[in-house]
Amino acid sequence: MPKVVSIHSYRGGTGKSNFTANLAASIALHGYRVGIVDTDVPSPGIHNLFGLEPEAMHQTLNHYLWGETSIEEVAYDVGGNVGLTGDGQLLLVPASVKADDIARILKDGYDVKLLNDGFRQLVKGLSLDYLFIDTHPGLSKETFLSIAISHVLILLLRPDKQDYQGTAVTVDVARQLKVRNMLLAVNKTHSKLNLQALRQKVEETYNIPVAGIFPLSEDVVQLASEGIFCLKYQDHPISQEFKKVALKIMEIA
Amino acid sequence: MVDTGNLKSLTASISAVTSPFRTYLNELYDRYKSLQEGRVADYIPELSLADPNWFGMCIVTTDGQVFEVGNCDQLFTIQSIAKAFVYGMALEDHGRNLVGARVSVEPTGEAFNSIVLDDKTNRPYNPMVNAGAIATTDLIKGKNATERLKRILDMFQRYTGRELNVSMPVFLSEKATGNRNRAMAYLMLNFGMVTERVEETLDLYFQQCSILVNAKDLAMMAVTLANGGKNPITGEQAIDERYVQDVISVMLTCGMYDYSGEWIYRVGIPAKSGVGGGITAVVPKKLGIGTFSPPLDEKGNSLRGIKVCEALSQDFGLHLFNMAKPDRVLEDWLHGSAVDSW
């Protein structure tokens with residue numbers, strides 16, 4: 001049965017797109033067909049990591065939401081761009097980066113039912129094993145939707161007060177939506193922090209397991225937002241941590 | 001922290017989007033969209049303008065989930081559906097004894113516009129035939145025509161949760177061509193079954209038929225009855241809960257014109273239809289159904305609307321007297337998640 005995984009963070013700048021791309025790739029490495037939808041229509045970006053240039057994105061999620069195309073037609077096979085090996089596949093549905101397109105979707109809004117039906121069509125039409133949803137930070141209708149349909153919701157946070165507070169709000173909403181499984185991931189931790197103590201504190205705060213902790217890494221920063229780190233440096237400790245999170249997801253979903 | 005229910009209401013709207021019940025309704029919609037039978041009502045020109053392809057269905061549950069598929073915002077005239085609700089208001093205004101003295105509750109098996117009164121009592125047979133509806137409209141209190149119409153519109157607003165208007169062109173057409181109804185009214189005046197303000201009452205009758213609604217309004221009206229007279233979204237009481245059973249009873253026995261007997265047998269959901277293409281159907285304590293599709297069968301009921309109600313009744317065991325285990329358990333379909341069947 002296909003599984004839906006949503007990655008969300010309450011605030012921006014947590015490294016959500018990077019996290020989503022690396023986790024999706026780690027699962028694709030196991031030979032699965034993995035779809036990724038960029039529902040961050042106000043500030044799309046994940047296509048950069050998959051080496052998809054705006055000029056190559058003739059049609060996007062926006063066009064699907066405007067009823068101009070089917071959703072399968074806006075799914076781009078990006079595995080080759082990022083050096084994915086094996087039988088797995090990475091299929092990305094990007095959101096438009098054109099200012100006019102963004103303005104249009106913000107101005108007119110869209111029917112959240114259409115997004116739900118699009119996810120379903122994408123999973124069925126492309127026979128996906130996993131669907132990853134990269135969300136816009138904060139809470140919005142599409143966040144609610146993606147939480148409601150997720151088999152696993154991953155909340156990404158940095159170890160600071162604002163993120164702690166915001167994550168608590170999201171956890172409340174997710175529980176109200178009866179989310180099936182929730183995991184936390186802590187990103188950009190300072191290298192001097194005691195990771196074991198941090199894990200314990202975060203798990204106690206939310207009563208949700210921490211799937212992975214990712215220290216602030218010079219190596220990742222260097223790669224900036226091009227390419228998928230854990231495909232390029234498969235033996236790096238960061239990639240190993242992603243592998244662990246991927247295994248946890250495949251276990252529960 | 002003050003909880004005003006916003007989170008709960010947004011959550012309910014999202015759970016309606018992801019619910020398998022919506023997927024089911026989408027499939028029903030696709031199944032009956034292409035149905036090419038039936039005729040759009042054309043006894044007045046305004047009705048014949050309706051597009052036969054219009055098709056909308058809305059279901060609202062008593063816990064406030066809203067499901068909309070197709071043309072749920074398209075406005076059309078309420079027509080005979082108003083009769084059931086105005087009957088409820090007459091009961092609130094006068095109580096059962098007086099209303100019962102003016103209009104019976106026997107199904108006729110005759111067409112809706114037949115000029116037949118009970119031989120012994122001179123009462124119209126029931127509030128769902130035109131004669132009975134005119135008699136109940138006569139009972140609506142108010143010091144003048146304006147106030148009486150306002151009371152009726154306010155009542156519908158309590159049911160639907162939004163302000164409704166009368167279509168002036170339809171009203172004028174109904175009035176201009178309504179000689180048969182006028183004849184009935186005067187016949188009843190002759191027998192003392194309606195009061196002297198007969199022209200005012202006829203206007204009020206033609207106006208209530210010409211109220212503009214959409215499929216969602218019809219679902220809200222039905223679910224309000226299903227919920228004991230209280231609108232589950234706004235929390236407003238639309239009708240005294242004591243009279244809810246009266247309204248639903250006459251819908252069950254007389255609501256579908258001279259198809260009512262077959263309707264109870266096959267579908268078993270109290271409902272009222274109108275020649276504008278609407279049907280409102282009440283599943284007590286569970287949900288309200290509103291459908292809209294202009295092509296009618298020869299009895300004057302919306303063809304696609306009948307199909308939708310039939311399917312819902314069979315698939316979820318919504319027939320009032322169903323004892324068998326249904327193919328689908330409503331609760332599971334409403335509150336489950338469609339994603340597990342992707």
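**Notes on a predicted two-chain model**

1. In chain A, strand β2 (residues 33-38) and strand β4 (residues 89-93) run parallel to one another and are paired over five bridges. Within this pairing, V37(A) has V93(A) of β4(A) opposite it. The reader should keep in mind from the outset that the model is a predicted one.

2. The two strands just named belong to an open sheet of eight strands in chain A, whose order is β3-β4-β2-β5-β1-β6-β7-β8 and whose pairing is mixed. At the edges of this sheet stand β3 (76-77) and β8 (210-215) of chain A, and because each has a single partner strand, one side of each is left without a neighbour in the sheet.

3. Helices of chain A also meet this sheet, and two of them can be described together. Helix α6(A) packs on the sheet and touches β1 (3-8), β5 (130-134) and β6 (152-157) of chain A, with a direction that makes about 140° with that of β1(A). Helix α7 (residues 161-176) of chain A lies across β1, β6 and β7 (182-189) of chain A, and the angle at which α7(A) runs to β6(A) is about 165°.

4. Chain B has an open sheet of five strands, in the order β2-β1-β7-β6-β5, and here the pairing is antiparallel. The edges of the sheet are taken by β2 and β5 (271-273) of chain B, each of which has a single partner strand, so one side of each is left without a neighbour in the sheet. On average, and with direction ignored, neighbouring strands of this sheet are turned by 10° against each other.

5. Inside the chain B sheet, strand β6 (residues 278-283) and strand β7 (residues 287-292) run antiparallel and are joined by six bridges. One of the residues to look for is V283(B), whose bridge partner in β7(B) is L287(B). Helix α10(B) lies across β1 (56-61), β2, β6 and β7 of chain B, and runs at about 155° to β7(B).

6. How much area do chain A and chain B bury between them? The value is about 1800 Å², and 70% of it is on carbon and sulfur atoms. To this contact chain A brings 22 residues and chain B brings 17 residues. On the side of chain A, the residues K113(A), R120(A) and Q176(A) supply 29% of the area that this chain buries against chain B, which is more than any other three residues.

7. The largest pocket has a volume of about 1100 Å³, and 43 residues line it, with T11(B), A12(B), S13(B), S15(B) and Q65(B) lying nearest its centre. Elements of both chains take part in this lining, since at least two residues each are supplied by α5 (112-125) and α6 (141-149) of chain A and by α1 (6-18), β2 (66-70), α10 (215-226) and α14 (330-335) of chain B. The element that gives the most is α1(B), with 10 residues. By kind, the lining residues divide into 14 nonpolar, 17 polar and 12 charged.

8. The second largest pocket holds about 490 Å³ of space, and of the 27 residues that line this pocket, A41(B), Y43(B), F112(B), N113(B) and V275(B) are the closest to its centre. Three helices of chain B, α7 (168-177), α8 (179-190) and α9 (198-209), each supply at least two residues of the lining, and α9(B) gives the most, with three residues. The lining of this second largest pocket is made up of 10 nonpolar, eight polar and nine charged residues.

How values were computed. Residues are numbered from 1 along each chain as its sequence is written. Chains are lettered from A and ligands numbered from 1 in the order in which they are written. This is a predicted model: local features need pLDDT of at least 70, side-chain atom pairs count only at pLDDT 80 or more; totals for chains, interfaces and linings use all residues. Side-chain values use heavy atoms; hydrogens and water are left out. On a 1 Å grid over the protein atoms alone, a cavity is a set of points where a 1.4 Å probe fits but cannot get out, and a pocket is an open set with protein on both sides within 12 Å along at least five of seven lines; lining residues have an atom within 4 Å of a point. Grid points are joined across faces, edges and corners, and a volume is the space filled by probe spheres set on the points. Helices (H or I, at least four residues) and strands (E, at least two) are DSSP runs, numbered from the N terminus. Ala, Val, Leu, Ile, Met, Phe, Trp, Tyr, Cys and Pro count as nonpolar, Asp, Glu, Lys and Arg as charged, and the others, Gly among them, as polar. Two strands pair if DSSP finds at least two bridges between them. Contact means heavy atoms within 4.5 Å. Axes are lines fitted to C-alpha atoms, for helices over the stretch in contact, and angles run from 0 to 180 degrees between N-to-C directions. Buried area is the accessible area (1.4 Å probe) that two parts lose on being put together, summed over both.
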